[in-house]
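Let's take a friendly walk through how some helices and strands are arranged here. Have the viewer open and follow along.

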Amino acid sequence: VDGAIDRLKGLACCFTHTGHSGPWFYLVRPFEEGVPLVQDMSAGALGIGPTVDLAHALLVALASMHDRGVLHLGVRPSKVVLGVAGGATLLDCGFPHDLLRADPRSAQAAVEARYMSPEQAGAISRPVTEASDLYSLGAILFESLAGVPVVEGGTVGQVLRGHLVAPQTLRTLGVGVPRALEESIQRMLRI
């Protein structure tokens, strides 16, 4: 555990203090002032400018993690805070435990599975790599532009099946975005 925690230290999305008390291990991270992305996205599409800013902030955070050999494996709107002065912070890096313990029949688990890569969910036999985090980011960016998730379903199984078919495109939904932006998002969503 100590080696993994050492790799996380200094990352913007992570922890300022770790320790243990008896059998309990704990992590402390700073409070992030701002609005959770999940709350902002509930109002619909964010638009091109805010989405590009979001993409930049999250790509920088992921690159910093990946350079240290750390995968986030929980990139989703509930783990992103939009700063009051702009920018975005990715929270809880490297700890996807809350989603993995969720009841797969629950509506919340189905919502969270919208952002999970197929290989991470075990739907395809492929190693979980940095591309898994980028897939999740692509799903967030798609939704921030379209106002709807790239994959929908009432159960985790339905959502995972949706990830395995060719994802819908922004253009097929009538969302006008620069071609380069759409192609970048589609590349992230390619399995």
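## Two helices at an angle

A word on terms first: angles under 35 degrees count as roughly parallel, over 145 as roughly antiparallel, 65 to 115 as roughly perpendicular, and the rest as oblique. Keep in mind that this is a predicted model. Helix α7 (residues 130-146) packs with helix α9 (residues 179-188) at an angle of about 140°, and their axes are 7 Å apart. The two helices are therefore oblique to each other. As for handedness, α7 and α9 make a left-handed crossing.

Which residues of α7 and α9 meet? From α7 come Leu134, Tyr135, Leu137, Gly138, Leu141, Phe142 and Leu145, while α9 brings Leu181, Ile185, Gln186 and Met188. Sorted by character, the residues of this contact are nine nonpolar and two polar, with no charged ones.

## A three-stranded sheet

Now turn to the strands. Three of them form an open sheet in the order β3-β4-β5, and the pairing is antiparallel. The edges are held by β3 (34-36) and β5 (88-90), each with a single partner strand, so each has one side without a neighbour in the sheet. On average, neighbouring strands of this sheet are turned by 30° against each other, direction ignored.

Between β3 and β4 (residues 80-83), which run antiparallel, there are three bridges. If you would like a pair to click on, Gly34 has Gly83 in β4 as its bridge partner.

## A helix across the strands

Helix α3 (residues 48-67) lies across β4 and β5. Relative to β5, α3 runs at about 35°.

Conventions. Residues are numbered from 1 along each chain as its sequence is written. This is a predicted model: local features need pLDDT of at least 70, side-chain atom pairs count only at pLDDT 80 or more; totals for chains, interfaces and linings use all residues. Side-chain values use heavy atoms; hydrogens and water are left out. Axes are lines fitted to C-alpha atoms, for helices over the stretch in contact, and angles run from 0 to 180 degrees between N-to-C directions. Helices (H or I, at least four residues) and strands (E, at least two) are DSSP runs, numbered from the N terminus. A crossing is left-handed if the near helix is turned anticlockwise from the far one by less than a right angle, and right-handed if clockwise. Contact means heavy atoms within 4.5 Å. Ala, Val, Leu, Ile, Met, Phe, Trp, Tyr, Cys and Pro count as nonpolar, Asp, Glu, Lys and Arg as charged, and the others, Gly among them, as polar. Two strands pair if DSSP finds at least two bridges between them.
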